[in-house]
Amino acid sequence: MNGRVAVITGAAHGLGRAYAVRLAEQGASVVVADLDGAGAKAVAEQITADGGRAHAVAVDVADEEATAAMAAEAVGAFGRIDVLVNNAAIFLTVAMARVPFDEITVADWDRMMAVNVRGTWLACRAVVPAMRERSYGKIVNVSSDTALKGSPSRVHYVASKSAILGLTRTLASELAPDGIRVNAIAPGIVLSEPDPTPERRTRAAASQLLAGALVPDDLVGTVAFLASAASDPITGQILAVNGGGYM
Ligand SMILES: NC(=O)c1ccc[n+]([C@@H]2O[C@H](COP(=O)([O-])OP(=O)(O)OC[C@H]3O[C@@H](n4cnc5c(N)ncnc54)[C@H](O)[C@@H]3O)[C@@H](O)[C@H]2O)c1
């Protein structure tokens, strides 16, 4: 990742934070973007204190102007954008309703789509001009393996993560002539909260073939691979990172 500039949305907490910290350790200049601006600032300060390069941006990815400003700040801070990790979502920190499909409110449905789907599209739209300038870029979208296998309750979340699959494949087709690769990861259950309960640990471990529940650092290698030149021949692909939970 040496010398690369990576914009990571939803990087104040959980998985996004791990991507930001670890990609910075691997030499990337990281834009830590999150709805939680104070949290983003804290992560960026930690990266900088550890000798890395980071810049914090407060952003609501559902907002067109805010995503445009995020891309402009990234270019202003580091001169270009090589990588976008579209990790922000309504999930845990901004919690979703886990209820049967007919108990989800229209407002919750619409906000889920606005953040998880429109936000991913808007962030792509914002960074692609900077990538086009260099005829190169890596976009890593974040789906979920619930989109591949279904999951009872939270149909709005699973539908939003399913939309990411079509968005990824279509953008990969549209942006290939520009040298921009677009792939997605589909994580299984990852213990991204600071203090997982014993029940959640047990459920996570039981959901996969490989021993040991997944933690945020387990996802970093795949994201770094899709963000690096090592994956340049790959675009439009969905990679399940789920310990063999779904095949
Ligand atoms: N942890 C898992 O088991 C798991 C499994 C499959 C997929 N995922 C996906 O991985 C990603 C990270 O998940 P996590 O477990 O770290 O959850 P998380 O909720 O802690 O992380 C999401 C981050 O996005 C930020 N965010 C929320 N709304 C935003 C908005 N409108 N604009 C900008 N930032 C916003 C949050 O503040 C948070 O930092 C999400 O896309 C999630 O759907 C997680």
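This tour goes through an annotated span, two pockets and a ligand in a predicted model.

**The annotated span**

Start by selecting residues 4-188. The UniProt record, an unreviewed entry, gives this stretch the annotation "domain: Ketoreductase". Colour the selection by secondary structure: helix makes up 50% of the span and strand 19%. Then pick the C-alpha atoms at the two ends of residues 4-188, which are 28 Å apart.

**The largest pocket**

Next, show the surface and go to the largest pocket, which holds about 990 Å³ of space. To centre the view, select Ala89, Phe91, Leu92, Thr93 and Ser192; of the 47 lining residues, these are the closest to the pocket centre. Now turn on the helices. Those that give two or more residues to the lining are helix 1 (14-25), helix 4 (106-133), helix 5 (146-149), helix 6 (155-175) and helix 7 (198-206). Which of the elements gives the most to this lining? Select helix 1, which supplies four residues. Colouring the lining by class gives 20 nonpolar, 14 polar and 13 charged residues.

**The ligand**

Now select the ligand and the residues around it. There are 28 of these, and Asp34, Thr93, Tyr157, Val190 and Ser192 come nearest. Thr93 and Ser192 were already picked as residues closest to the centre of the largest pocket.

Three atom pairs can be checked with the distance tool:

- Ser192: an N or O atom of its side chain lies 2.5 Å from a ligand oxygen.
- Leu92: here a backbone N or O atom is 2.9 Å from an oxygen atom of the ligand.
- Val59: a polar backbone atom is 3.3 Å from a nitrogen atom of the ligand.

How much of the ligand does the protein bury? Taken alone, the ligand exposes 820 Å², and the protein buries 98% of that.

**The second largest pocket**

Leave the ligand and move to the second largest pocket, where the space is about 180 Å³. Its lining can be selected whole: Trp121, Cys124, Arg125, Val128, Pro129, Arg132, Leu167, Leu171, Glu174 and Leu175. Helix 4 and helix 6 are the elements that give two or more residues to this lining. Helix 4 has the largest share, with six residues. Both helices also give two or more residues to the lining of the largest pocket.

Finish by colouring this second lining by class. Seven of its residues are nonpolar and three are charged, with no polar ones. For the largest pocket, the polar class had 14 residues.

Note on methods. Residues numbered from 1 in each chain as written. Predicted model: local features only at pLDDT ≥ 70, side-chain atom pairs only at ≥ 80, totals over all residues. Heavy atoms only, no water. UniProt positions renumbered as here; feature names shortened; annotations may be inferred. 1 Å grid on protein atoms, 1.4 Å probe; cavity = no way out; pocket = protein on both sides within 12 Å on 5 of 7 lines; lining within 4 Å. Points joined across faces, edges and corners; volume = space filled by probe spheres on them. Nonpolar A, V, L, I, M, F, W, Y, C, P; charged D, E, K, R; others polar. Near = heavy atom within 4 Å. Polar contact = N/O pair within 3.5 Å; in protein donor to acceptor, adjacent residues only side chain to side chain. Areas by Shrake-Rupley, 256 points an atom, 1.4 Å probe, with all protein chains shown as cover.
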